[in-house]
Amino acid sequence: MRLSRLPLNTLKEVPADAEVVSHQLMLRAGLIRKLAAGLFTWMPLGLKVLRKVEAIVREEMDRAGAFELLMPAVQPAELWRESGRWDVYGDLLLRIRDRHDREFCFGPTHEEVITDIARRELKSYRQLPVSYYQIQTKFRDEIRPRFGVMRAREFLMKDAYSFHLDQASLEATYQRMAEAYARIFTRLGLRFRAVEADSGEIGGARSQEFHVLAESGEDAIAWCEHDDFAANVELAPALPPPGPRPAPTAELTRVATPGARSIDEVSELLGVPPSRCLKTLLVQASDGGCVALVLRGDHELNPLKAERLPQVAAPLALATAEQVQAATGCEPGFLGPVGLQLPLIADHAAAAGADFVCGANEVDAHYTGFNWGRDAPEPETADLRNIVAGDPSPLGGGPVSIARGIEVGHIFQLGDKYSRALQATVLDRDGREVPMIMGCYGIGVSRIVAAAIEQNHDEQGIIWPEPMCPLEVMLVVLNPKKSESVTAAAERLYEDLSRAGIEVLMDDRDARPGVKFADADLVGLPHRLTLGQRGLDAGVVEYRERRSGAEEQVPIDAVVDFIRQRLERTA
RNA sequence: CGGGGCAUGGCGCAGUCUGGUAGCGCAUCUGCUUUGGGAGCAGAGGGUCGGCGGUUCGAAUCCGUCUGCCCCGACCA
């Protein structure tokens, strides 16, 4: 590919509305262009990357025994009504009508369609297990598309679905998929981690997420380096502190705390660390009233854990200021367990300490020296908080660390949720009709591209992991217009490399060297060759590795072999 | 959805408060010089200021309305 022919418009300036590096670099390097919110065109170089990711995903899915098919992007509403999701999926679902006023949606996922396929095609347990997959454009009408291709509305996804007679068979395939996923992300050259996860909207039992580790990740994941524990913070259990609760040493004392509503303000005012404070949150109860949830000041409420409590309404919602006033006679900011006439659940850690600071249920007042059992009844306790760095691993291996990750894959054991709803049954050995057991397995193909850049870039631009580089070698030709011998040598080199099956992007533009070097760094091909008059006269071209910046003079006749070796070495 | 902000050449922005008929940098085109890390000089093209309506002698600037885009959003109890 010749840069003199490819209209590649790189941007020197950072586009105003791109906040994360991957988005900025993809725009600057001309990989994508935005059409509208959450909608992007993949430009030639960007598309090459996408295709390479696809190819690896495809190979590994084939190897895992799944069969590729391609389902329609547009799906009839009836199918979604059958599964019950037409009404529950909400605004994320892009609904459309055809000329006959029939309702459709642009598929955000394909459980309904594949289950419909399965119920038509699969009749006997003898056909099971079977797995299908597709690589397809999905549309989810995200509230707030952002970060470019990372959270776009239209995106490319690989989704796979497996069908089984029983749970044991599902688990075997699930395991196989988990292994395929690990191979995919390893082959792509990404640092990633598989974590236990919440199954969310899709439903079902077990699920695992695959995260590419990156500072800008939207998810927090907890993991332990001494055992196998790794889970999304949403789901990671926070163990109760060991040992007995310390004995009270302080008397319950009311102190004036004018205007100090937040833990930080109270902690600052009284000179007490947040971990010695209690925060009392009122949330909507399942019976229509309110429930008080008590956490240590330095801990955060975990909504998923709270929601799971029978007393708490799902989805979790904080009580309104009016409800707080009605239930306590007090304003938010000064609530506490003392004399509170509401059901109360304390987080294990909040229940395990002594001599706390807490709100006095009176505006501008707190208590110090609060102790459970003495100043308020012993609370019901539960795991309510997010795990934090340093907490013990639930598997007992030691303290956990918290890392940030970008979710690029998610696998679920669905069970019979969809097969039951859509009556996708097979006959078992005994001739009985039973719903199939399903698994589903997604990979965000387009998101992987952004995630890879988040993880692999520097000040100058992108540094492609070799398995997903748009092309392998950037051949920078210096001042081609000035020297016919340079042009001729470049053409020869380009031919030789191409014939050897090496993907070359030749920068034969009539541009200044500085421009070419800057673009080469920005676009980030892993290997760069520079051919100029000076080198040519000495019979060498200059090689530079994008990632390390290491340079080497290579005799011009040895270049093809040299590059071939480089590619093999990193393959 | 709630709150905030922005829409001015391809991109990034100034001009708007205090109406007088649009400007800067980058990019693009031409010429000369230059040529190993985003060149210099000279010249050129390109916008009617998101749409619609209003006020006014006159609107990018004021008013209304619509549209699009961006940012933030339980963790405060």
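## A pocket, a cavity and a small sheet

The residues lining the second largest pocket split into 14 nonpolar, 6 polar and 2 charged. Keep in mind that this is a predicted model. The pocket holds about 330 Å³ of space. In total, 22 residues line the second largest pocket, and those closest to its centre are Arg-261, Thr-280, Leu-281, Pro-332 and Gly-333.

Which elements give two or more residues to that lining? They are α7 (263-270), β14 (278-284), α9 (321-328) and β17 (356-359). The biggest contributor is β14, with 5 residues.

Now for the cavity. Rolling a probe the size of a water molecule over the atoms shows where empty space is left. Here there is 1 cavity of 30 Å³ or more, and the largest cavity has a volume of about 50 Å³. Its lining is made up of Met-474, Ala-520, Asp-521, Leu-525, Arg-528, Arg-544 and Arg-546. By type, that comes to 3 nonpolar, no polar and 4 charged residues.

Here are the two spaces side by side:

| Space | Volume | Nonpolar lining residues | Polar lining residues | Charged lining residues |
|---|---|---|---|---|
| Second largest pocket | about 330 Å³ | 14 | 6 | 2 |
| Largest cavity | about 50 Å³ | 3 | no polar | 4 |

Back to β17, which helps line the pocket and also belongs to an open sheet of 3 strands, ordered β13-β18-β17 with antiparallel pairing. Why is one side of β13 and of β17 left without a neighbour in the sheet? Both β13 (253-256) and β17 stand at the edges and have a single partner strand each, so there is no neighbour on the other side. From one strand to the next, the twist averages 30°. Strand β17 runs antiparallel to β18 (residues 365-370), and 3 bridges join the two. One residue to look up is Phe-356, whose bridge partner in β18 is Phe-370.

As for the overall layout, chain A is divided into domain 1 (21-206 + 406-453), domain 2 (253-382) and domain 3 (471-570). The C-alpha centres of domain 1 and domain 2 are 41 Å apart.

Finally, the aromatic rings. A pair of aromatic rings is described by the distance of the centres and the angle of the planes. The structure holds 10 aromatic pairs. One of them is Tyr-181 with Phe-210, a tilted pair at 5.2 Å centre to centre with 55° between the planes. This pair links distant parts of the chain, with Tyr-181 in helix α6 (residues 167-187) and Phe-210 in strand β10 (residues 207-213), 29 residues apart.

Definitions and conventions: Residues numbered from 1 in each chain as written. Chains lettered and ligands numbered in written order. Predicted model: local features only at pLDDT ≥ 70, side-chain atom pairs only at ≥ 80, totals over all residues. Heavy atoms only, no water. Domains from an automatic or database assignment. 1 Å grid on protein atoms, 1.4 Å probe; cavity = no way out; pocket = protein on both sides within 12 Å on 5 of 7 lines; lining within 4 Å. Points joined across faces, edges and corners; volume = space filled by probe spheres on them. Helix = DSSP H or I, 4+ residues; strand = E, 2+ residues; numbered from the N terminus. Nonpolar A, V, L, I, M, F, W, Y, C, P; charged D, E, K, R; others polar. Pairing = 2+ DSSP bridges. Axes fitted to C-alpha atoms, helices over the stretch in contact; angles between N-to-C directions. Phe/Tyr/Trp six-rings, centres within 6.5 Å; stacked < 30°, edge-to-face > 60°.
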